[in-house]
Amino acid sequence: MKRETTSIVIGETETSKYDTVAASAGQNMRKKSNMAASLLSHAMRRCSAHTCAVVAVRRCLSSAAAPPSVFTRLLFKLSHYFYDVENIVVWNDWARTKLVRRKNKFFGYAQEKFGDNIGAAYYILTLRGSFRFAGQSEWFRPDSRGRFSYDFISTPDLHIEEVDLSGTLINHNGLDNLIKQNKLQSLSLRGCPEVDDWFLARLHVFGESLVALDVSNCPCVTVGGLAALQNLRKLQRLDISGLSQLQSPGLVRILLEEMLPHCRVTGVEYEQGLMQPDSQELTEDDNKAAVNTGVRHM
């Protein structure tokens, strides 16, 4: 009877040990399973963020906007190896878009309070551009820190005659601040990264006054935008140098001079984009064969 009791106790003890081991193993398995699920979820989130960031960057780089800068291209290359760099690229694009939108807001309050001329002048200076009133030789410019004098407010009746916005972030939305300047004669947009075909198409509002226009080194300007300049019938000087989107600058110059016969187009030579490489020139035998083929067809 004692042996049976002892064996029962030992059996119960061994069973409780097995139960404890099994419960411990089950807890370990659950912990590992939870840990694996957590790691998988984290990896999926990282992969999702990686995919979204890459797609956003590629869309930015493949859009019709200005070509990316060296800094942007460097960040894009590093984004293939570091997740944090991708976030910097996306944030940089977002910050630039927000800055351009803020720079080109419509200063309706300034125009209502001080007049159209003062509102346009204030907009130009906030872009770090410069201008000259009609009948005056003095140019109003901001300093290196973007600060400027408000002396121009004392001449609200003077129209703006010349504007230099070279290298600024002006775009077609910001042009709303200038469209009432019907005495504008000269406009320089040299190296403006946001000036595109839409912008040039809106310049028709200056068709009766604009004499000189500089769109050189604007990376977003194409042949379509230059064709929209046909409404500027009084245009006498046009600079189209350094336009990377033009495949045949010489041919574009010829077309512009045909479209605007009183305008002097500068910045490109007639031969640019028209001369074929030496490797593609026809030999004498090829010329003879082409002539014979043409004769047979006739």
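Student: What is the relative accessible area of L251?

Tutor: L251 has a value of 40%, so it counts as partly exposed (buried is under 20%, exposed over 50%, partly exposed in between; 1.4 Å probe, protein chains only). Areas come from the Shrake-Rupley method, with only the protein chains shown as cover for residues. This is a predicted model, where local features need pLDDT of at least 70 and side-chain atom pairs pLDDT 80 or more, while totals for chains, interfaces and linings use all residues. Residues are numbered from 1 along each chain as its sequence is written, and side-chain values use heavy atoms, without hydrogens and water.

Student: Where does L251 lie?

Tutor: Helix α8 holds L251 (helices are DSSP runs of H or I, at least four residues; strands are E, at least two; numbering starts at the N terminus).

Student: Which residues make a nonpolar surface patch with L251?

Tutor: Patch residues have over 30% relative accessible area and no salt bridge (Lys or Arg side-chain nitrogen within 4 Å of an Asp or Glu carboxyl oxygen); nonpolar side chains (Val, Leu, Ile, Met, Phe, Trp, Tyr) are joined within 5 Å, like charges within 9 Å. Here I254, L255, Y270 and L274 join L251, covering about 410 Å².

Student: How many residues are in the largest nonpolar core?

Tutor: In soluble globular proteins, nonpolar side chains tend to be buried together. The largest core here (buried Ala, Val, Leu, Ile, Met, Phe, Trp, Tyr and Cys joined through side-chain atoms within 4.5 Å) has 49 residues, and F131, I170, L189, L213, L226 and I240 have the most contacts inside it. Elements that each supply at least two of its residues include β1 (130-133), β3 (160-164) and α8 (249-259). The largest share, six residues, comes from α5.

Student: Is S166 buried or partly exposed?

Tutor: S166 is partly exposed, at 31%, in the loop between β3 and β4 (186-188).

Methods
Accessible areas come from the Shrake-Rupley method with a 1.4 Å probe; for residues, only the protein chains shown count as cover.
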